[in-house]
Each structure stands twice: as structure tokens, then as C-alpha cells.
Amino acid sequence: MTPFMNEDFLLKNDAAKVLYHEYAKVMPIIDYHCHVNPADIALDKRYSSISEVWLGGDHYKWRLIRALGTPESGVTGARAADPFGLFSNFAAVLPKAVGNPVYHWTYLELKRYFGIEKQLTPDTAKEIYDACNSKLAEPGMSARGLIERSNVKLICTTDDPVDSLLYHKQIAEDATCKVKALPAFRPDKAMSIESAGFAEYIEELSGVSGVKITGFDSLCKALDKRIEFFNEMGCRAADHALEGCNYAPAATAELNMIFGSGMSGESIAAHEAAQYRTAILLHLGRRYHELGWVMQLHFGCMRNNNARMFAHIGADTGFDSMNGQGNPSNLSYFLNALDVTGQLPRMVLYSLNPADSEIIATIAGCFMADAECPGKIQLGASWWFNDTKSGMEKQLQDYANSTLLGNFIGMLTDSRSFLSYTRHEYFRRILCNFLGRLFEDGEYADFDALCRIVEDISYNNTLRFFRFDV
């Protein structure tokens with residue numbers, strides 16, 4: 001029997017072991033999409049308990065605790081009121097999480113950051129809780145310390161256009177901070193014209209940008225102002241969360257009418273929202289191309305499924321799911337509309353529904369012929385419900401089947417936790433096993449080239465693709 005999570009965890013062949021231990025393992029990390037709070041880096045936050053840093057914002061773990069039948073008071077309700085109770089509830093879950101990636105991530109995190117290899121169960125919960133808290137009290141276990149010990153060189157956070165980026169400025173000016181933290185432009189609220197609070201948000205955007213927003217054109221000018229500010233602050237990427245791909249062109253008069261309805265709080269029809277979002281995305285895509293930014297599109301998510309829980313504890317708490325509305329044909333029309341005028345930016349395309357993955361990969365291959373960048377349109381890393389062992393393997397195979405896997409920009413955390421960098425280790429082990437198997441099965445000839453590909457996918461390609469200065 002193979003020992004649990006030994007040094008060759010997930011590495012099932014000799015080539016994979018060499019690729020991981022001698023090449024992938026030593027490469028630094030660029031976390032080009034995550035949701036950590038930049039204030040925690042600027043202030044070098046320390047944590048009062050393992051529950052705060054590990055369970056305080058992790059909806060992956062919350063979903064599993066709920067699946068055991070635990071009431072919400074023992075999940076999000078226990079974050080501050082009963083941190084050990086929350087930890088105990090998770091300890092009760094873990095032995096049942098066989099086959100779930102959280103099971104693997106949990107033990108990687110305990111081992112790498114706390115030196116703990118004992119099984120987490122209800123019987124060991126108090127011992128492990130106390131040991132983790134004792135470790136967190138040591139120097140080097142602050143937010144920056146956790147980043148540094150993970151060999152992370154650069155982080156891109158997720159930031160609203162109205163954000164002052166005060167903490168990014170503090171980080172950039174702090175000579176003692178060894179990691180770069182750059183903002184990423186995320187204008188979801190400006191695009192959610194059918195959502196409650198849209199008009200109030202546009203008023204805030206108007207005030208921050210200094211542009212009086214009276215219609216669609218002035219809205220675009222206000223967003224342009226914020227893009228200029230983000231660019232000055234080092235931003236090199238934008239990110240958009242979409243239910244599906246939109247492509248519904250509309251004339252300016254129609255867009256002004258739709259915008260006016262949104263500002264008045266009137267009902268917005270689905271086709272009107274699609275027209276509005278199409279126009280916004282086309283405008284922003286052209287601006288990103290002009291500035292050399294990377295445009296990331298996340299789609300295929302159905303959010304806030306449980307209306308009762310949304311009313312109780314709000315968004316981003318573990319009540320989202322995949323949907324079947326990726327509409328990849330619209331993606332093709334959208335890319336083509338930007339490409340035909342020579343304004344297609346470098347892109348990363350992520351679908352939460354893995355059924356869309358192969359379609360997206362083949363669409364991306366239609367827009368690669370550009371001297372600007374190898375692998376200009378990326379099939380994004382396995383994201384959210386797909387960052388499982390099988391999900392990562394499928395994404396790698398879909399990428400390899402459709403284009404040049406050697407151009408892939410590798411993994412991200414998409415996380416709010418500073419302990420989540422072990423997801424890069426998890427991915428790199430799976431990557432090396434995938435490539436090593438091809439070599440040992442006689443399906444790839446040049447092992448030295450394979451070593452370079454591992455280094456590139458782990459780090460180098462990301463650096464080149466986003467044009468980061470590290």
C-alpha cells in the first residue's frame with residue numbers, strides 16, 4: 001500500500017517524480033487571480049486562531065460542513081463567536097470527505113504550514129487546534145510570512161473600479177514587503193444593470209471618477225478614468241464574472257434607453273441586459289488591448305441559488321453552482337468582433353461547466369495567429385468546482401488535444417485564504433504525473449524539453465503572458 005501523502009503523492013511514475021522534485025517544486029508562484037484582502041498584506045495581519053485563517057472565508061469547507069447537516073450557526077455563525085466549535089465541525093466532516101479535493105488540500109495545508117501529519121478527526125481536533133494556534137503565534141506566520149514561505153512572488157487581487165487602492169499603494173511603498181501585490185480590475189457591479197443597487201453604484205463611480213454619468217458614453221468614460229488609475233497602480237489584468245457569454249450588439253440609442261431604465265430601477269429584460277453587457281465588454285476589451293492588459297472571463301456560474309440563505313448571510317458564502325448557460329457560440333462572436341478591428345486583448349477563458357471546456361479550447365485556437373504573444377487566448381486553469389484531481393487532468397487533456405500545452409499559464413488559487421498556495425503544489429504534482437505518463441508510455445520523446453515545459457507552465461509562461469515585472 002502506498003503511504004498516505006508521502007513525498008511522491010500523486011506521482012505515479014519515475015518521470016513524474018523527477019519532473020516534480022527537480023523542476024516544478026522549486027519554481028516560484030505567481031497567483032494571478034485570487035480574492036485575498038490586500039489590507040491583510042499591507043498591515044501584515046496576524047491571526048488569532050487556525051479557524052480565522054483557515055475557515056473564516058472558505059466556502060469550499062463551509063459547503064462540506066453543511067452537507068453533514070450542521071446548522072448555519074455552526075458554520076458561518078461560529079466564525080468569531082466559537083472558533084473551536086467551527087474547527088470541530090470541520091474535523092467531524094473530514095473523515096467523510098473521501099475523494100474530495102478539500103481532503104487533500106487540508107492535509108497539504110496542515111503539513112506544509114504547521115508540520116502536522118496526524119489525521120484530523122473529532123478525537124484529535126483539540127490537539128491539532130491548539131498546535132496550529134501555537135504555530136500561528138510564532139514569527140513568520142503572519143499574512144506576509146505565509147506568502148513568503150510559500151515562495152509566492154506576485155499576487156493579483158480582485159478590486160472594484162471604485163476602490164481607492166490605498167492598501168496596494170502602501171504595499172508598493174513598503175520596502176520590507178517582499179511580495180508584489182497588484183490590483184486586478186473587476187467591474188462586475190457596473191455590468192449588473194438588472195441588480196438592486198445599480199443606480200447607487202453608478203453614482204459612486206461617477207463621484208470617484210470625476211465624470212458625470214448621464215448615459216452609456218459617459219459611463220464608458222468614467223470606467224476609462226478608473227482604468228487609467230488602475231494602470232498607474234500597476235494593474236495588468238481585468239476580470240469579469242459572467243453567467244454566460246454575451247453577444248448581442250445594440251445601437252447607442254438602445255444602450256442609452258437600457259441604461260436609463262437601469263438607473264430608474266425599472267425592470268430590465270434578459271435581452272436588454274445582454275445588449276448592455278456586450279457593449280460594456282467590447283468597450284473594455286478594446287481598452288485592455290490598448291494598455292496591454294490581460295482580459296479574464298469567468299462564466300458558467302449560477303449564483304445565490306438559495307434565496308433564503310442569500311437573504312440571511314449574503315453572497316459568496318457557498319450557495320453558487322455550475323450552470324448550463326455558457327453559450328460558447330457567443331464567445332466566438334465576441335472574440336471575432338474584437339479581432340476584426342485588431343483590438344483583441346490577450347485573454348484567459350474559464351468555464352465553470354466542464355462540458356464547455358473542449359468547445360472553448362477549439363474556439364480559442366481560431367484566434368491564436370498573432371505575433372503579440374504565444375498562446376494568446378488561454379483555456380483557463382481548472383476553476384472552482386473543477387479544481388479537483390479529475391478536473392485538472394481533464395483541463396490538461398483538453399488543452400493538449402486542442403493546442404500547445406507548453407504555452408499554458410498554469411494554476412491560480414481563486415481563494416480568500418493565505419493557506420491556499422498548496423493548490424499550486426497539488427496542480428504541479430498532477431501536471432508532472434500527466435506529462436510523466438506520456439513520456440513513460442512512449443508518447444513523448446524529449447525529456448529535457450519536458451523539464452522546460454514544466455518550469456514554463458509552473459511560472460515562466462505566466463510571467464511572460466501577463467508581462468509582469470518581478
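In this predicted model, E7 is partly exposed, with a relative accessible area of 38%. The side chain of E7 takes part in a salt bridge with K111, in which the closest N and O atoms are 3.6 Å apart. K111 sits in helix α7 (residues 101–114), while E7 belongs to the segment before α1 (14–24), so this pair ties together parts that are 104 residues apart in sequence. The two partners are covered to unlike degrees: K111 counts as buried at 16% relative accessibility, because buried is taken to mean under 20%, whereas the 38% of E7 places that residue in the partly exposed class.

The segment before α1 also holds M5. This residue is not a glycine, yet its phi is positive, at about 45°. M5 is buried, with a relative accessible area of 6%. A second residue other than glycine with a positive phi is N151, where the angle is near 60°. N151 is placed in the loop between α9 (143–149) and β2 (152–156). With a relative accessible area of 26%, N151 is partly exposed, whereas M5 is buried.

The contact between K111 and E7 belongs to a wider set of charged pairs, and the count of salt bridges comes to 23. Among the other pairs, K45 and E52 meet through their side chains at 3.1 Å, N to O. K45 is partly exposed, with a relative accessible area of 29%, and E52 is likewise partly exposed, with a value of 29%. A further salt bridge joins the side chains of R66 and E72, with an N to O distance of 2.8 Å. Here both partners are under cover: R66 counts as buried at 16% relative accessibility, and E72 counts as buried at 14%. Elsewhere, D58, K61 and E109 are joined into one network by salt bridges that share partners.

Aromatic contacts offer another view of the fold. The count of aromatic pairs comes to 27. One of these is the pair of F198 and Y276, which is edge-to-face, with 6.1 Å from centre to centre and 85° between the planes. F198 lies in helix α12 (residues 198–209) and Y276 in helix α15 (residues 270–291), so the contact ties together parts that are 78 residues apart in sequence. Both rings belong to buried residues: F198 has a relative accessibility of 2%, and Y276 has a relative accessible area of 0%. Ring pairs also link W54, F84, F87, F90 and Y129 into a cluster.

On the surface, two patches can be described. The nonpolar one is formed by L43, L166 and Y167, which together have about 290 Å² of accessible area. L43 is found in the loop between α2 (38–42) and α3 (50–55). This leucine is exposed, with a relative accessible area of 58%. The other patch is negative and consists of D14, E440, D441 and E443. Within this group, E440 is found in helix α20 (residues 422–440). The relative accessible area of E440 is 42%, so this residue is partly exposed; a patch member needs over 30% and no salt bridge.

Two further loop residues help with orientation in the model. H33 has its place in the loop between β1 (29–31) and α2. H33 is buried, with a relative accessible area of 3%. From H33 to F447 the separation is 414 residues in sequence and 31 Å in space, C-alpha to C-alpha. T176 is found in the loop between α10 (166–173) and β3 (180–182). At 56% relative accessibility, T176 counts as exposed, in contrast to the buried H33. T176 and G69 are 107 residues apart in sequence, and their C-alpha atoms are 45 Å apart in space.

Key. Residues numbered from 1 in each chain as written. Predicted model: local features only at pLDDT ≥ 70, side-chain atom pairs only at ≥ 80, totals over all residues. Heavy atoms only, no water. Patch = residues over 30% accessible without salt bridge, like charges linked within 9 Å, V, L, I, M, F, W, Y side chains within 5 Å. Areas by Shrake-Rupley, 256 points an atom, 1.4 Å probe, with all protein chains shown as cover. Salt bridge = Lys/Arg side-chain N within 4 Å of Asp/Glu carboxyl O. Lys, Arg positive; Asp, Glu negative; His and termini not counted. Charge placed at Lys NZ, Arg CZ, Asp CG, Glu CD. Helix = DSSP H or I, 4+ residues; strand = E, 2+ residues; numbered from the N terminus. Buried < 20%, exposed > 50% of the residue type's maximum accessible area, 1.4 Å probe, protein only. Phe/Tyr/Trp six-rings, centres within 6.5 Å; stacked < 30°, edge-to-face > 60°.
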